[in-house]
Amino acid sequence: MVGSALGSGLRRLAATAIGLIYPPTCIACGAATGQPHALCAACWSGLRLIERPYCERLGTPFALDLGVGSLISPGALAEPPVFGRARAVAVYDGTARDLVHRLKFSDRLDLGRTMARMMAAAGSELLDEADLIVPVPLHGLRLWRRRFNQSAMLAREIGRQSGKPCDVRALARVRATRPQVGLTRRQRAENLQGAFRVTDAGRARITGRRLLLIDDVATTGATGNAAARVLLRAGAASVDLLTFATVTRDGL
């Protein structure tokens with residue numbers, strides 16, 4: 001007991017000393033903050049967090065509170081997603097877009113811990129019900145160029161923080177698709193046809209299980225739909241989608 005208390009005291013002392021030498025800074029802009037792995041006030045104000053009321057299927061916010069009950073947006077009614085439910089931390093603009101871009105394109109792997117913690121909170125209902133966390137995979141060529149899969153990194157961290165198992169090899173990207181940027185909704189869906197496959201080892205792990213699919217951003221939902229379709233056909237009981245940010249369809 002004494003040794004444990006002493007060790008805890010030494011760790012706090014070391015953390016204080018490090019903080020004096022290297023003061024904590026905002027993970028987005030580098031401005032001074034009161035604690036590490038946090039956002040400054042200016043960047044926090046640029047984060048459009050998604051809170052109810054939102055579409056229970058797509059997780060996109062409504063501009064007005066439409067009353068009590070399960071709400072489905074016109075977009076979800078017109079084109080129901082293959083996945084069951086989607087949730088996201090924030091709308092994909094401002095600070096949220098900056099964080100995603102820095103993680104993905106600037107090798108800011110240190111952002112993963114904070115982003116994963118926010119994702120776990122935003123998708124807590126999905127995470128509680130999930131049996132297994134599965135990230136959206138990258139094709140081998142793109143993984144080689146980028147050197148890491150941001151979705152897999154977020155999935156592992158969410159699993160570590162929540163205690164839920166994570167399988168980064170259950171789903172594979174077997175076709176190198178063209179970049180989705182600039183494509184229409186239909187072109188995105190066509191671009192992803194045949195892109196994913198459940199691995200032989202992964203099939204046994206997902207059969208009959210409730211899956212939580214992890215990605216960094218949901219735009220039209222094409223990636224989530226394509227991955228969920230393959231997982232469901234391979235025997236998954238259900239597939240929900242959790243991302244850090246989402247592009248709104250209607251409601252804002």
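**Notes on the charged network and two helices**

1. A good place to begin is Glu-56, whose side chain makes a polar contact of 3.0 Å with the side chain of Arg-87. Please keep in mind that this is a predicted model. Glu-56 sits in the loop between α2 (41-45) and α3 (74-78). Its relative accessible area is 15%, and because buried means under 20%, Glu-56 counts as buried.

2. Glu-56 has a further charged partner to look at: Arg-52 forms a salt bridge with Glu-56, and the closest N and O atoms of this pair are 3.2 Å apart. As general background, side chains of opposite charge can pair when their charged atoms come close.

3. Now follow Arg-87 onward. Arg-87 also forms a salt bridge with Glu-125, where the closest N and O atoms lie 2.9 Å apart. This pair connects distant parts of the chain, since Arg-87 belongs to strand β1 (residues 86-91) and Glu-125 to helix α6 (residues 124-129), with their positions 38 residues apart in the numbering. Arg-87 has a relative accessibility of 3%, so Arg-87 counts as buried. Glu-125, at a relative accessible area of 25%, is partly exposed.

4. Helix α8 offers a local pair for you to check. Glu-157 and Arg-160 join their side chains in a salt bridge of 2.6 Å, N to O. Both residues lie in α8 (residues 150-162), three residues apart, which is about one turn of the helix. What is the burial state of each partner? Glu-157 is buried at a relative accessible area of 16%, whereas Arg-160 is exposed at 57% relative accessibility.

5. Returning to the earlier residues, Arg-52, Glu-56, Arg-87 and Glu-125 are joined into one network by salt bridges that share partners. The structure as a whole holds 12 salt bridges.

6. Helix α11 (residues 222-233) is a nice case for a geometry check. How far should its 12 residues span at 1.5 Å a residue? The expected value is 16 Å, and the end C-alpha atoms are 17 Å apart, which agrees.

7. The buried residues of α11 include a run at its start: Ala-222, Thr-223, Gly-224, Asn-225, Ala-226, Ala-227 and Ala-228 are among them, and Leu-231 is buried too. Just after this helix, Gly-235 adopts a positive phi of about 115°.

Definitions and conventions
Residues numbered from 1 in each chain as written. Predicted model: local features only at pLDDT ≥ 70, side-chain atom pairs only at ≥ 80, totals over all residues. Heavy atoms only, no water. Helix = DSSP H or I, 4+ residues; strand = E, 2+ residues; numbered from the N terminus. Buried < 20%, exposed > 50% of the residue type's maximum accessible area, 1.4 Å probe, protein only. Polar contact = N/O pair within 3.5 Å; in protein donor to acceptor, adjacent residues only side chain to side chain. Expected span 1.5 Å × (residues − 1). Salt bridge = Lys/Arg side-chain N within 4 Å of Asp/Glu carboxyl O.
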